[in-house]
Amino acid sequence: MEEITNIKARQILDSRGTPTVEVDVYVDGVLSGRASVPSGASTGAFEAIELRDGDKDYYFGKSVLKAVKNVNEIIAPVLLGENVLNQRKIDEKMIALDGTDNKSVLGANAILGVSLAVAKAGASIKKMPLYKYLGGDDAHILPVPMMNIINGGKHADNSINIQEFMIMPVGAKTFAEGLRWCAEVYHSLKNVLKSKNLSTAVGDEGGFAPNLDDDEQAFMCISDAIEKAGYRLGKDFKLAVDVAATEMYDEAKKIGKEGCYYFWKTNKLYTADEMIEYWEKMVKKYPIFSIEDALSEEDWENWKKLTKVLGKKVQLVGDDLFVTNVKRLQKGIDMKVANAILIKVNQIGTLTETIDAINLAKQNGYNSIVSHRSGETEDVTISDIVVSQNSGQIKSGAPCRTDRVAKYNQLLRIEEQLGKKAKYMKY
């Protein structure tokens, strides 16, 4: 039997203690798939809508009981009897049932919970690992971690404006080795920060959140930590950042500086041209492999300028810019904007649409980076997705907090299962 016989949703808590949706899918009366939905703090305006209740007396308005009810009372009756293996048909049914471009009626959190649980149930019925169920026999590339070890922006209450400073173990031979290197650098960084009498408290994604005089100091501290751990900057490790520039663009609006970027924590204002010059300078100074959301989500013309200046030197990633949406990605491709897309399942709301975005990126020579959100759960689906699509890069935070580490541990298991077939992505 492959028919869905029951779907049940509930409200659980994410890594920030905020409610989120978890969904169980039953096939032939047996619990066959369970998935939970992540949530972002720094969200793009064009993301699919995360439905929350708004009752200020209950989880300060953050509860998701409406989304849970939508699963149990609206989505479930429509999907009962469907073949659990028909992922695209099921996802398209839910999209049609919602009837909006941004899933605002049922909630992307309701729809995604079902979509991912259905995929897991399908893999269970087929007695296959999820990565193989989704990607077939060709699924064998283990990703390079883009490990966030210093948090700033909306992810930390500190003086750093840039949201994420990441390390990438590009010189490792296997995923397991790369993960070990990252963990060693993370602990080395803790010692570097202590030696400077800086805080080793952590932000939402497990990276350290010290107060620094300016953002460039984060590059200096990380460079020092890599060398002190016994590795070579630029050879064993390269650097990456998530600027989250839409926030800076919005902060500039608040002080009446339309079209500019305001580093609000350190009181520095940049024009778009100055932002491009800033990143051109950083790329010359440090071995930066990847820059995410270097400009705002609607600053398309300046994104074109940025891509002309840096597109052949570094990976330019659209997160808020593309929001895992094939229409926005196609616009970027047509305009020759960026050269990579960040993939977040809850930005678009179904597994089918997520994979469609990855495929469109591949077809046009854009890299894809599968990513967690700042509000996470123990769900490890993204680890299977990144291998299933041979995407080659994953963002899952620091080697700290089980909601982050769970994703890395799943990749260790997958690498072990693949054995000699496993290949670590090379850049």
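**Entry 1: β6 and β7**

I began with strand β6 (residues 147-151) and strand β7 (residues 164-168), which run antiparallel and are joined by four bridges. I took two strands as paired if DSSP finds at least two bridges between them. Strands here are DSSP runs of E with at least two residues, helices are runs of H or I with at least four, and both are numbered from the N terminus. One bridge links Ile150 to Phe165 of β7. Next I checked how covered β6 is. Five of its five residues are buried, so the rest of the structure largely encloses this strand. For burial I used relative accessible area: buried is under 20%, exposed is over 50%, and partly exposed lies in between, with a 1.4 Å probe and protein chains only.

I note that this is a predicted model, where local features need pLDDT of at least 70, side-chain atom pairs count only at pLDDT 80 or more, and totals for chains, interfaces and linings use all residues. Residues are numbered from 1 along each chain as its sequence is written, and side-chain values use heavy atoms, leaving out hydrogens and water.

**Entry 2: the chain as a whole**

I counted 14 helices and 16 strands in the chain. The C-alpha trace spans about 60 × 55 × 45 Å along its principal axes. A compact globule of 427 residues would have a radius of gyration near 22 Å, and the chain agrees with its 21 Å. That radius is taken over C-alpha atoms, and the globule rule is 2.2 Å times the number of residues to the power 0.38. Of the 427 residues, 61% are buried. I then looked at contacts, meaning heavy atoms within 4.5 Å. Among contacts between residues at least 6 apart in sequence, 69% join residues at least 24 apart.

**Entry 3: the sheet of β1, β2 and β3**

I found an open sheet of three strands in the order β1-β2-β3, with antiparallel pairing. β1 (4-13) and β3 (30-36) are at the edges with a single partner strand each, so one side of each has no neighbour in the sheet. On average, neighbouring strands of this sheet are turned by 20° against each other, direction ignored. I took axes as lines fitted to C-alpha atoms, for helices over the stretch in contact, with angles from 0 to 180 degrees between N-to-C directions.

How many bridges join β2 to β3? I count six, with β2 at residues 19-27 and the two strands running antiparallel. Val23 has Ala35 of β3 as its bridge partner. Val27 is bridged to Val30, also in β3. The hairpin has two residues between the strands, and Asp28 takes a positive phi near 55° there. Helix α1 (residues 65-79) lies across β1 and β2, and runs at about 175° to β1.

**Entry 4: two helices**

I compared α3 (residues 108-125) with its expected span, which is 1.5 Å times one less than the number of residues. Its 18 residues should span 26 Å, and the end C-alpha atoms agree at 25 Å apart. Coverage is high: 16 of the 18 residues are buried. Lys127, just after α3, has a positive phi of about 55°.

Helix α5 (residues 175-195) has 21 residues and reaches 30 Å from first C-alpha to last, close to the expected 30 Å. Its buried residues include Phe175, Trp181, Cys182 and Tyr186. Ser195 also belongs to α5, yet this residue is exposed at 56% relative accessible area. From Ser195 to Ala123 I read 49 Å, C-alpha to C-alpha, across 72 residues of sequence. Just after α5, Asn197 has a positive phi of about 60°.

**Entry 5: cysteines**

I looked for disulfides, defined as pairs of cysteine sulfur atoms within 2.5 Å. The count is zero. For Cys182, the nearest cysteine sulfur is that of Cys400, 14 Å away. Is Cys182 buried or exposed? Cys182 counts as buried, at 0% relative accessibility. Cys260 counts as buried too, at 14%.

**Entry 6: Asn367**

I placed Asn367 in strand β14 (residues 367-371). At 29% relative accessibility, Asn367 counts as partly exposed. Which residues does Asn367 touch, leaving out those up to four places away in sequence? I list Gln315, Asn339, Ala340, Ile341, Ala361, Gln393 and Tyr427. Lys312 is 55 residues from Asn367 along the chain, and their C-alpha atoms are 13 Å apart.
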